[in-house]
Structures are given as C-alpha cells and as structure tokens.
Amino acid sequence: MVRKGRAAAGDGTPEEIHLTWGENPATSVVVSWASPGPATRARVRIGQRIIPAEARQYADGINGETVWTYHARVGGLRPGATYAYTVTADNDANAADPFSATFRTAPGSRAAFRFTSFGDLATPNTEWVLSYGQSAYAVDAVESFQPLFHLLNGDLCYGDLNPTTQPAVWRDFGNNNQTSAAYRPWMPCLGNHEVEFDNGAQGFTSYLTRYTLPDNQVPGFGGRWYSFRIGSVLFVCLDADDVVYQDAGAFVAGPAALTPVAGTGNPPIQPGSSFYVRGYSGGAQTAWLQGTLAAGRADPSVDWIIVQMHQCACSSSATGNGSDLGIRQQWLPLFDRYEVDLVLNGHDHDYERSFPVRGADADVGHETASGAVVNTLRPHPVTTTDSGMFDTSRGTVHLILGCGGTDANLDDYGLDNADGQRQAKVFTRANHPRPTSTPDVYARAAADAVEDATWSAKRDTSTGYGIAVFDVNPSPEDFAGQTSITVTQYHAVGADPVNPATGAKGAPTPDYTEFETFTLVRPRSS
Ligand SMILES: [Fe+2]
C-alpha cells in the first residue's frame, strides 16, 4: 500500500506549529509542532536561548501511520511582553530560513485583555467528512481580532469520521490553524469527535500527543481537563465526554466492519460498535472541578470564572444534539455554588445564548416517545428580560459557539407547536446504537426528551458560522463599581451550505459582521 501525503522518513521540517499557555500564562508558553519524519535536535530559538523539544510519537490505531510531534516548554518570560521565536531541527528542509513568528505573554496582574472562541472547526480540505472551506476563514477571523488567545471548544477536526485517514485529517487541521495558533495560544478542550477507535483508553491519543496543556495534577488523566489564570479570570477547561449521557464518539454504522491495517494488530471493529467513555474518570474530574472552583471563588484576585466544554447544558438546536442531563446533574450545581459566570460550548453548529440561569425547574420535561413527564432539571432563568446587560453573580450565562467551520451547519432551533414556546431536546439516557431495518446497519437515536427552553435568550437563524469576541475590563469605573466583560458575536452570513430556514444555498465567506453585543457585569472580588 502506498501512503499518500507524508514525505520521506528523514524529513524533520516543522509543520502544524501551535502555541498553548504554560503553567503560568504570564511567564510561559509551550511551542508544539509535528514533522513528516523524526526530527533531529528539534528545538525552539528565542532570543539567545535554545530550548530543546520533547519528542512524542504514536502509531495511529487504524491506519498504522506514525505521527511525530515536538513540544518545547518556554519559561522565564516577562508578563505582557512580545517575543519572536523560530522552530527548526537539523533535518529541517527550511533550516536556512526556519519558521519564525511572534507571540505575547499574558498580563501579570489585573488588566484588560481580549480573547475569542468557537468550536467545531474541521479543516478546509473538503476531501474529509465534515470539512468545509469556512474553516480557513474562521482562522483568519481569529487573527483579524488579534486576541491574546483563542478558546477552541472541542470537535477539532472530526478525525473519527475519517477513520482510515485520521493522521492526514489532523495534519490539515494543524496546518490550517498554524496561521493563527503559531502567533497566539489556542486552548482546546475535548469533544465527542476526539474519541477515536484504537487510539488510547478514551480514544484521545491523537489530541493528547499533539497538545501540551497545563497540568491538572490528577494522575492518569493529564491533558483531559485543566485550568489557567489570565489577569482576574480563571479559565476552567473540561471534558464533558466524562459526564454526558449521549453516545456520540467513534461509531461503526455498518454494514461493513472497520478493519485496521494488519500492522496495528487491532481486530476488525464490528457494525454497531461505539466508543462510549461516560464515567471514564470515575469521578476524578468532578472532584477536581469542585476543588478548582472552590479555590478560584475564594481567591480575592479572581473576579470571573469561565468554563469551556464541548457538549451543552443549554442548547435548543432542532437538528443537532440539544442539551444533556448528565452535565446538569453533575456540574451545574457546582456552577451555581461557585458562581461560574460564563460557559462556552460547541457541539451544535450554531449560536445560542441563554439568560443567566441558577437552580433547576423540576418535572417540566416530557419523554419524546410516550409524552410522560421526565425531570430534565431545566436550568432556571433568573431573568427573562433581554436587557443587554447581565449580572452573572446572580446566574450563569451559557453560549453555544459550535460555529467554527464544519460543513454541517445547524442554525435550526426547536419550537413547541402546542404553545409556541422555544423547545429543547434533552438526552436523559444513553442512545447506544440499535439495528435499523437494513441488515447490519445501526443507528443512534436523537435525544429522548423535550422541554420548553425558557432559558433561551437569543438564537442566530441566519447562519451557523461565527466567532465570539470577549473584552475583559477589570476596572470597575465603567459600570458603577462592577467589573465587566463585553461580548460581541460576529457571524458569517451566507456561509451556510444550505440555510435550514430559507433553503438558500451559500458558500464560504471571509466576511464576519456583528450579530449582537451584550455585557456581563459582576462585583469586583477584592
Ligand atoms: Fe460534538
């Protein structure tokens, strides 16, 4: 078999170059990259310093291809400073003029800064399932706003939906992102499509090998969840695969089995198989979350707590996944107790904003099949007045930002025809694959319950593509003694392959225009 897309084994030329924050974003970053073959003396140069890279490699469990990655931890930096760096190796084809870029460290204390966010990015290479040209414009959009860093909310490239070519899909993803991620950290979280067959205990090997993320100090679960501090904001990045009921990781629908190449030693994966990882940490992630939130809220230098996770507690997408009771049961009580201000999701390929929510309305859901009442723990809005300014010390705002670049736009939202209210689907149990009427073909059902989405404040029906821009203002003068975050959602009208409301056919577009802006406020902690 001839493998395509990879150069000779001795090629150590850096590619897929990306930054993440180190343990302290004011003083450290990690430079990570890959190369087509093993690199010799892979290294970063910054000023007069040469920092050797740690090599990490794996062989893909389906197609057997070896992936070579490198990670240089750069510490001892000054806060709020700009640095130039180069990435090279002895067998770098560009060694005479190696890749170079600049980055900026985080401020060392309470200071204003900007970050951006979306999830569900995919790649611009439409050869791959769920990839789409908007993915390149989305990266350009990040650069156009010049944020300090970007939050990438899971479902990075859909390798699992292209199982026999996973390393090539990740390569296209990494090279597309490099035009931004080499210049500012892109901080990811795990989504359901990071779960890949035969790639580690939870299927995360492709992700974990490519990213070096802040240490969560939980043995055996490094990289799966983490936190970091920027100024007066604590960012908490979670893996909701651990708590959601929905079965949405790697799946073989059939009728054919998925057969790994012989060299992997892995047996065929039979039709109807899914890789369901709910509960994998045995409660370790939730215990870590409680400790992290408690310490953050007790710290007088922390005003804001922002959570990033892929799957949703508050999504009313009609054709997407909707909401999941698992997050509501395990994590929303902690968000209430420790006053999490903002939750950023992906997963449904649209834009939706909730009112601030606290507590839950009991027994207001209905089973889709029987109509029987079911307790979906519907998040309770503390206001339903869309005033444009919300005090998040009273309730948590959830934003669905699955609007990155995948070709499956989902800007189609639920409506309860009986009462005209917005309606959300809710998973209250696992939807494992079941046989269909076609022999050896399996399917996973949609969510099993619905509720009136009283928490839903704003939905973008004009496009499934956009980027959220967050301006953190820690000085309390502007809002009567309160600190603030101004949020602006920009959207790419016309980018939908097909708009679900109008049927209009569109194409990728570089034009991102303002959809809405609103402000979050809360009292300063100290
Ligand atoms: Fe997803």
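Where is the place of Pro255? Select this residue to begin the tour; the model in the viewer is a predicted one. Pro255 lies in the loop between strand 13 (233-237) and helix 4 (284-298).

**Stop 1: the loop between strand 13 and helix 4**

Display the backbone of Gly254 together with that of Pro255. The peptide bond that links Gly254 to Pro255 is cis, and its omega is near 5°.

Next, select Leu258, whose place is in the loop between strand 13 and helix 4. Leu258 has a relative accessible area of 11%, which is under the 20% limit, so Leu258 counts as buried. To see its surroundings, show Ile62, Pro163, Thr164, Phe197, Val252, Pro268 and Ile269: Leu258 is in contact with these residues when its neighbours within four places in sequence are left aside. Then add Pro271, which is 13 residues from Leu258 along the chain. The C-alpha atoms of Leu258 and Pro271 are separated by 7.7 Å.

**Stop 2: strand 6 and its partners**

Select residues 66-74, which form strand 6. Seven of the nine residues in this strand are buried, so strand 6 is largely enclosed by the rest of the structure.

Add strand 5 (residues 54-59), which is joined to strand 6 by six bridges. Strand 5 and strand 6 run antiparallel, and Ala59 stands opposite Thr66 in strand 6. These two strands form a hairpin with six residues between them. In the turn, select Gly64, where phi is positive at about 80°.

Now add strand 2 (residues 29-35). Seven bridges join strand 2 to strand 6, and the two run antiparallel. To locate this pairing in the viewer, pick Val30, which stands opposite Arg73 in strand 6.

When side chains are switched on here, one general point is helpful. In a regular strand, side chains alternate between the two faces of the sheet.

**Stop 3: helix 1 and helix 2**

Before the helices themselves, select Leu130, which is found in the loop between strand 9 (113-118) and helix 1. Phi of Leu130 is near 75°, a positive value in a residue other than glycine.

Show helix 1 (residues 134-145) with helix 2 (residues 166-181). Their axes come within 8 Å of each other and cross at roughly 15°. Because of that angle, helix 1 is roughly parallel to helix 2. The crossing of the two helices is right-handed.

What meets Asn176, Asn177, Thr179 and Ser180 of helix 2? On the side of helix 1, the residues to select are Ser135, Ala136, Val139, Val142 and Glu143.

Colour helix 2 by accessibility: this helix is mostly covered, with twelve of its 16 residues buried. Among the buried residues of helix 2 are Trp170, Arg171 and Phe173, as well as Asn176, Asn177 and Ser180.

**Stop 4: Gln217**

Move to Gln217, placed in the loop between helix 3 (205-210) and strand 12 (226-230). Is Gln217 buried or exposed? Its relative accessible area is 64%, which is over the 50% limit, so Gln217 is exposed. Phi of Gln217 is near 60°, a positive value in a residue other than glycine.

**Stop 5: His349**

Select His349 in the loop between strand 16 (342-345) and strand 17 (351-354). With a relative accessible area of 6%, His349 is buried.

Which side chain makes a polar contact with the side chain of His349? The partner is Asp120, at 3.1 Å. The side chain of His349 also reaches the backbone oxygen of His347, at 3.5 Å. For a wider view, show the residues that His349 touches beyond four places in sequence, including Asp120, Tyr158, Gly402, Thr406 and Gly464. The stretch Ala408, Asn409, Leu410 and Asp411 is also touched by His349.

**Stop 6: a five-stranded sheet**

Finish with an open sheet of five strands in the order 15-24-27-19-20, where the pairing is mixed. Select the edge strands, strand 15 (323-324) and strand 20 (373-374), each of which pairs on one side only.

Then turn to strand 19 (residues 365-367) and strand 27 (residues 449-452), which run antiparallel and are joined by two bridges. Pick Glu367 and look across to strand 27: its bridge partner there is Ala449.

Terms used:
Residues are numbered from 1 along each chain as its sequence is written. This is a predicted model: local features need pLDDT of at least 70, side-chain atom pairs count only at pLDDT 80 or more; totals for chains, interfaces and linings use all residues. Side-chain values use heavy atoms; hydrogens and water are left out. Two strands pair if DSSP finds at least two bridges between them. Helices (H or I, at least four residues) and strands (E, at least two) are DSSP runs, numbered from the N terminus. Buried means under 20% relative accessible area, exposed over 50%, partly exposed in between (1.4 Å probe, protein chains only). A polar contact is a pair of N or O atoms within 3.5 Å; within protein, one must be able to donate a hydrogen and the other to accept it, and residues adjacent in sequence count only if both atoms are side-chain atoms. Contact means heavy atoms within 4.5 Å. Axes are lines fitted to C-alpha atoms, for helices over the stretch in contact, and angles run from 0 to 180 degrees between N-to-C directions. Angles under 35 degrees count as roughly parallel, over 145 as roughly antiparallel, 65 to 115 as roughly perpendicular and the rest as oblique. A crossing is left-handed if the near helix is turned anticlockwise from the far one by less than a right angle, and right-handed if clockwise.
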